[in-house]
Amino acid sequence: MTVHIYNTLTRKKDAFIPVETGKVKMYVCGMTVYSDAHIGHARTYVAFDVIRRYFEYKGNTVFYVQNITDVDDKIIAAANKQGIDPLLYSQRFTDRCLTDLDALGVRRADLYPKASEAIPEMIHMIEQIIQNGYGYVADGDVYFSVESFSDYGKLSGQNIAEMKKSARIEPGDLKRNPLDFALWKKAKPGEPVWPSPWGPGRPGWHIECSAMSCSILGPAFDIHGGGMDLQFPHHENEVAQAEAATGQQFARFWMHIGLLTINGEKMSKSIGNIINIKDLLQRWDAEVLRMFFAQAHYRSPPDFSEKALTDVEKGRERLHRMKERLQEHAKKASAEKPTDSKLQEPEKQYLLTIKDFQDEFEAAMDDDFNTPKAFASLFEFVNKSNRFFEQYLNPNPELCKHALDVYLKTSSVLTVFQPPTHTPLKKESDITSALQALLQKYDKTIDTPTIDALLQALLEARQDARKEKDYKTADDIRKKLESLGFEIQDTTRGSVWRKK
RNA sequence: GGGCGGGUAACAAAGUGGCUAUGUGGCGGACUGCAGAUCCGCCUACGAGGGUUCAAAUCCCUCCCCGCCCUCCA
C-alpha cells in the first residue's frame, strides 16, 4: 500500500509519506548543458520518469522540478573556445538536450529552473549561510566552512577526518580548510559575471540546487535525486548549504540512480565511449531504449550493449502481441464492467488472474520501485493470458477490455506502449504504392487502395497460391510484406498481418 | 587508505529462511506446406569453506573476487 523507498540518508527502505497528502514534490539534478544528451542522462531520467509515473498511478499529484545548469566551468570553457557567449551557448544546448529526451519519450518535468535565472536566490542563501556562521568571505570568494557544520558527511557516510587525508590542496586557494567549497567565485575574465555583496562574480557549483529547490519547493520537500555520482560531493554540499541557511531539514528522501556502464566499462570521455541519445535513436526504437532502462532496478548499474537491447526488443514484441490480442478480444466490449454472474468459470478464473497481476505489480513497485519484478509480473500476466486465450476462444469482451485497461495502465508506468515519438522510416504513401505494385504482379486490383485493403487483397492472393500448393509464390508474398514491415502469420483461423 | 554496492543457471536480472521469478538464448514436442506466433517439457543456479536451523541463495563467521565514489560527471 505504502511506497517504501531506499533513502540514502538513512541507508534503509523507509515508508514514504509525502509532506502534503496526495502531493509529491521532487527535485532531480538535471543536465549541465554543453553537449548533446547522452545515454547516462537517459538512464537517470527514465528512472525518475518511471518513479514519477508510479506516484501518479497511485493517485498522487507530482510536482517534478529538474534544474538546468547553465553556468559552469565546462560550459564557459567550451563557449570561450568557440568565441560564443557562455549563456547563449548553454541556451542552445538546453533546447537540444531537452529535445533529445523528448525523442526518447521521457516526459518533461513540470519546471526546468536555470541557474542563470536564480542568482538572487543563491545570493540570498549565501548571505544566510554567512549570517549563521557557516560561510566566510576571502577576497571576493565566499566559502562554506565544512568543519563548522557538524552534520557534514551524513548523506554520503563520509567523515571529515578521513576525507582530510585524501583532500587535495590547490595552490593559491584561499580556503581555510581543504574540504571547504566555494559558494561564490570572484569574477575572472571571460566568465559570466553578476554583482553581489562580495563584489562581481558567479555562483559556486553546488549552491544553485540548494537555492532553487528551497525557493521553489520549500526546504523540506519530499524527494531529491540524481545520479549516484552526485552523492558526494554535490548532494552532500547541497544538504550542508540548505540546512546551514534555513536551519531546517532539507530534502527528506534522497534517491540515487545506479550509473550506466557500456560493455562493462564506465562511460567516460577518456575512454571515448559516450553514446548520444540522438545517435542511438537512429538505430533503435525509443521504446526499446526506455524499456532497457526501465527494466534495470534504479539503484543498480545497468550494462549497456547491443545484445542487451536486442534481448529487450524481443521481449517488447511479446508485450505488443499481447496488447494486440487483448484489443482484438475487447473490440465488441460495451461500457459495462464484467460482473461475475455473466462470466463462465474459466473467465472468472481469468478475472482473478487480472486482479493478482495488478496486486503483484503494485507490490513490486511499492517495494522501492522494483521494476525488474514489475516487469516479471507483466510477463507472467502475458503467459497466463495466452494460456487462457488458447483454451477459451471467445472470451467475454468486457472481461478482455478490463484486462486491456489494467495491462495498459501498468505498462505505461514502465514507459511501455507510449505513442511513438519519431517519424517512421517509411512513409505511408511509399508503403501504399509498394503494396499496389506487389498486388499488380499477381493480376489483382482493388477500388480503394488503403493499406488495410491492399494487405487484405494480398493475403487473399497468397491464400489462393497456398490452395494450389504454390508455396513459392506464397513465401514470396510473405517475404516481400515482411520487408515492408508487416509480419504475416498463418493461424488456424486464416492468415493475419501485423505491423512490426 | 576511507565510504558504498555487488558475486544467482548459457547471457541478463529479481528474490533474502520453506512456495515454477522473469526476459533472451538453446534443445525437444504440439500446431503448421514451411515460417512465425502460441502452448507444453527440458537446459548441473545461487563465489568458496565452515556454522546456526526440522529447513539456508536467503541468518552468522572466515576467505576469495568484482564494480563505483572520495576530482568534473546523470
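Biologist: In which helix is the place of Pro-233?
Modeller: This is a predicted model, so read every value here as computed from it. The helix that holds Pro-233 covers residues 231-246. Its label is α7.

Biologist: Which residue does a cis peptide bond join to Pro-233?
Modeller: Most peptide bonds are trans. The bond into Pro-233 is cis, with omega at about 0 degrees. The partner is Phe-232.

Biologist: How many helices and how many strands are there in chain A?
Modeller: Helix α7 with Pro-233 is one of the helices. Chain A has 500 residues. Its C-alpha trace spans about 90 × 55 × 35 Å along the principal axes. The count is 16 helices and 15 strands.

Biologist: What share of the residues in chain A is buried?
Modeller: A residue is buried when its relative accessible area is under 20%. Gly-315 passes that test, because its relative accessibility is 15%. Over the 500 residues of chain A, the buried share is 51%.

Biologist: What distance separates the centres of domain 1 and domain 3?
Modeller: Chain A is divided into domain 1 (4-257), domain 2 (315-413) and domain 3 (428-499). The centres are taken over C-alpha atoms. For domain 1 and domain 3 the separation is 57 Å.

Biologist: What distance separates the C-alpha atoms of Gly-315 and Ser-412?
Modeller: Gly-315 lies in helix α10, which covers residues 306-330. Domain 2 runs over 315-413. Along the chain, Gly-315 and Ser-412 are 97 residues apart. Their C-alpha atoms are separated by 16 Å.

Biologist: With which residue does the side chain of Lys-13 meet in a salt bridge?
Modeller: Lys-13 is partly exposed, at 41% relative accessibility. Its side chain makes a contact of 2.9 Å, N to O. The partner is partly exposed too, with a relative accessible area of 30%. That partner is Asp-367.

Biologist: How many residues apart in sequence are the parts that Lys-13 and Asp-367 tie together?
Modeller: The salt bridge joins the side chains of Lys-13 and Asp-367. Lys-13 lies in strand β2 (residues 12-15), while Asp-367 lies in the loop between α11 (345-366) and α12 (371-391). So the pair ties together parts that are apart in sequence by 354 residues.

Biologist: In which helix are Lys-384 and Glu-380 four residues apart?
Modeller: The two side chains meet in a salt bridge of 3.9 Å, N to O. Lys-384 is partly exposed at 35%, and Glu-380 is partly exposed at 37%. Because they are four residues apart, about one helical turn separates them. The helix is α12.

Biologist: Which residue meets Asp-476 in a salt bridge?
Modeller: Asp-476 is partly exposed, with a relative accessible area of 24%. About one helical turn separates it from its partner, because the two are four residues apart in helix α16 (residues 471-483). The contact is 3.7 Å, N to O. The partner, partly exposed with a relative accessible area of 33%, is Lys-480.

Biologist: Which residues do salt bridges that share partners join into one network?
Modeller: The structure holds 40 salt bridges. Some share partners, and these link their residues into one network. The members are Glu-317, Arg-321, Glu-324, Glu-487 and Arg-498.

Biologist: Which residues gather in a patch of negative charge on the surface?
Modeller: Patch members need over 30% relative accessible area and no salt bridge. Asp-464, in helix α15 (residues 451-467), is partly exposed at 38%. The patch consists of Glu-460, Asp-464, Glu-468 and Asp-470.

Biologist: Is Asp-139 buried or exposed?
Modeller: Most residues other than glycine have a negative phi. Asp-139 has a positive phi of about 55 degrees. Its place is the loop between β5 (135-138) and β6 (141-144). With a relative accessible area of 54%, over the 50% cut-off, Asp-139 is exposed.

Biologist: Is Phe-417 buried or exposed?
Modeller: Phe-417 also has a positive phi, near 60 degrees. It lies in the loop between α13 (397-413) and α14 (428-441). Its relative accessible area is 13%, so Phe-417 is buried.

Terms used: Residues numbered from 1 in each chain as written. Chains lettered and ligands numbered in written order. Predicted model: local features only at pLDDT ≥ 70, side-chain atom pairs only at ≥ 80, totals over all residues. Heavy atoms only, no water. Patch = residues over 30% accessible without salt bridge, like charges linked within 9 Å, V, L, I, M, F, W, Y side chains within 5 Å. Areas by Shrake-Rupley, 256 points an atom, 1.4 Å probe, with all protein chains shown as cover. Salt bridge = Lys/Arg side-chain N within 4 Å of Asp/Glu carboxyl O. Lys, Arg positive; Asp, Glu negative; His and termini not counted. Charge placed at Lys NZ, Arg CZ, Asp CG, Glu CD. Buried < 20%, exposed > 50% of the residue type's maximum accessible area, 1.4 Å probe, protein only. Domains from an automatic or database assignment.
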